[in-house]
Amino acid sequence: MKKIKIVGNRELKGRIEVSGAKNSVVALIPAAIMTEEKVEIYNVPNISDTVNLNNIIELLGGKIEFGNGILKVDGKNVKSMPIPEELSVPLRASYYFMGALLARCKHVEIYSPGGCKIGSRPIDLHLKAFKKMGVSVIKEKNKFVLHADDLHGANIYLDIASVGATINILFAASMARGTTIIENAAMEPEIVNVVSLLNNMGARISGAGTSKITIVGVDRLHGANIETIPDRIEAGTFMMIGALIGNPLCIHNIIPEHVDTLIAKLRDMGAKYKIDGDSIIFEKVEKFLPVDIKTLVYPGFPTDLGQPMAVMLTQAAGISNFEETIYESRSGHFPELIKMGATIEFDKMYAKVSGPSNLKGTEVTATDLRAGASLIIAGLIAEGTTKISNIEYILRGYEDIVEKLKAVGADIEIIDE
Ligand code: EPZ
């Protein structure tokens, strides 16, 4: 079995490049088949989610060229074909083909999406919105058949400011008859990135990045290009590593306002950093202050940084309170951190972290993508050797994370045992 092996307690020095945002790219790629013309996406991370989505496009008849971060999609021959379970289940973002194929073909057959086990992760808000837009939704076991004879605009209020539902509605509404208004829309930067591509393709969308988005449907979209924004979650993960063991560590290719809640919390903890344009440079400090964390939708503290942040809290001198408000069971990392010597009382959505704790390396298991990231951080600061299993979770969301950390002095490698 492949594992990530880390010999901890080393300082890291140098510059780490942040890749393109996974949670943008997993929507930009399906969007590309909404036109029969060519679409180019730049700064695309080479991670398994990218490859899985490319495979789906090729199954649908599209052509893919992917190399050096540039993804070229030719959707000319795309037809709506049933998307098999083995292609749609590995990742949650396969559900973006619902909105994209409804827009292009008014028909889609796809299995329930997969994704990290961090909660029930229903797609009821997506389906409720599609039905309001004239889509018939039939569920055969865990396969969905969606069809629209007349895909039309609607006024949609999202009970939860869901990122996925917002993006799926944007796709369908872009080529629906009439106008769609989304209220309580998600405001994440990745949504602004996706709307930039759609508008570059000829869509008529306004309000992206606010809680009210208006889409005037058009008959067709044309080819376009887009640059994927930097991954704010990857950036945040490396920022915490820099705060803990940077000597100094420069994290390059960030958009500071996309990580400003993390910067605020690290500042409150006493981290030492300097922002220089699209870089942030950290120098380790010996003592951190405790802080309270509550994850919220953007622009609040991102749920995806909650798990890595738990490691920071184990190093704070005192008690830090943590509350997860987005997912009902994003707690798989806590037992593993406790095995390494952390003092954490937790239940499904709350944790009380006492510190500072001297973490000790041991065998641990990644339960999901961001839990895996937290174990890498813990391994880097722990005494001794840490071996992390289930690393496919980690490698799907962090491009070349082992190589990037090794290049700045980490004793980290992928082993097979
Ligand atoms: C996206 O997931 C991200 N994934 C998640 O990142 C991220 O945590 C999440 O947004 C919130 O920021 C991708 O973009 C691929 P949601 P998504 O719909 O769209 C509930 C990572 O680590 N909900 O905003 O699935 C849902 O269960 C991943 O990179 C419904 O109840 O998130 C959750 O509790 C993890 N019904 C909450 O809303 C629905 O129809 C937020 O989900 C949809 C969602």
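**Exercise 1. The start of helix α6**

Task: Find which residue caps the N-terminal end of α6, and with which atoms.

Solution: Look just ahead of the helix in this predicted model. There you meet S162, whose side-chain oxygen sits 3.4 Å from the backbone nitrogen of G164. A pair of N or O atoms counts as a polar contact within 3.5 Å. That makes S162 the N-terminal cap of α6.

**Exercise 2. The length and cover of α6**

Task: Work out what span to expect for α6, then decide whether the helix is mostly covered or mostly open.

Solution: Start with the count, which is 12 residues. The expected span is 1.5 Å times one less than the number of residues, and for α6 this comes to 16 Å. From the first C-alpha to the last, the helix reaches 17 Å, close to that expectation.

Next, check the cover. A residue is buried when its relative accessible area is under 20%. In α6, 11 of the 12 residues pass, so the helix is mostly covered. Among the buried ones are G164, T166, I169, F171 and S174.

**Exercise 3. One asparagine inside α6**

Task: Say whether N168 is buried or exposed, and what its side chain reaches.

Solution: First place N168: you'll find it in helix α6. Its relative accessibility is 0%, so N168 counts as buried. Now follow the side chain of N168, and you arrive at the backbone oxygen of Y95, 3.0 Å away. Keep Y95 in mind, as this residue also turns up beside the ligand.

**Exercise 4. The ligand and its surroundings**

Task: Describe where the ligand sits, which residues are closest, and how much of its area the protein buries.

Solution: Begin with the neighbours. The ligand has 23 residues around it, and the closest are R92, D124, S162, D304 and I326. You've already met S162 as the cap of α6.

Then go through some polar contacts, each made by an oxygen atom of the ligand:

- The side chain of Y95 offers an N or O atom at 2.9 Å.
- A polar backbone atom of V163 is 2.8 Å away.
- P122 has a backbone N or O atom at 3.4 Å.

How much of the ligand's area gets covered? Taken alone, the ligand exposes 820 Å², and the protein buries 92% of that.

Finally, look at the space itself: the ligand occupies the largest pocket. The elements giving two or more residues to the shell around the ligand are α1, α5, α6 and α12.

**Exercise 5. Checking helix α8**

Task: Test whether the span of α8 agrees with its number of residues, and find out how enclosed the helix is.

Solution: Helix α8 covers residues 232-245, which is 14 residues. At 1.5 Å a residue the helix should span 20 Å, and its end C-alpha atoms are 20 Å apart, so the two agree. For cover, 14 of the 14 residues are buried, so α8 is largely enclosed by the rest of the structure. At the start of α8, a side-chain oxygen of D231 comes to within 2.9 Å of the backbone nitrogen of I233.

**Exercise 6. Unusual backbone angles**

Task: Locate two cis peptide bonds and two residues with positive phi that are not glycine.

Solution: Here's the background: most residues other than glycine have a negative phi, and most peptide bonds are trans.

Take the cis bonds to begin with. One runs from N247 to P248, with omega near -10°, and P248 belongs to strand β14. Another joins Y298 and P299, with omega about 10°. P299 lies in the loop between β17 and α10.

Now the phi values. N9 has a positive phi of about 65° and lies in the loop between β1 and β2. With a relative accessible area of 48%, N9 is partly exposed. N253 has a phi near 75°, and its place is the loop between β14 and α9.

**Exercise 7. Two loop residues**

Task: Compare the cover of I33 and G119, and give a distance for each.

Solution: I33 sits in the loop between α1 and β3. Its relative accessibility is 0%, so I33 is buried. From I33 to E17, 16 residues apart in sequence, the C-alpha distance is 29 Å.

G119 is in the loop between β6 and α5. Its relative accessible area is 22%, so G119 is partly exposed. A224 is 105 residues from G119 along the chain, and their C-alpha atoms are separated by 36 Å.

Notes: Residues numbered from 1 in each chain as written. Predicted model: local features only at pLDDT ≥ 70, side-chain atom pairs only at ≥ 80, totals over all residues. Heavy atoms only, no water. Helix = DSSP H or I, 4+ residues; strand = E, 2+ residues; numbered from the N terminus. Buried < 20%, exposed > 50% of the residue type's maximum accessible area, 1.4 Å probe, protein only. Polar contact = N/O pair within 3.5 Å; in protein donor to acceptor, adjacent residues only side chain to side chain. Near = heavy atom within 4 Å. Areas by Shrake-Rupley, 256 points an atom, 1.4 Å probe, with all protein chains shown as cover. 1 Å grid on protein atoms, 1.4 Å probe; cavity = no way out; pocket = protein on both sides within 12 Å on 5 of 7 lines; lining within 4 Å. Sits in = over half its atoms within 2 Å of the grid points.
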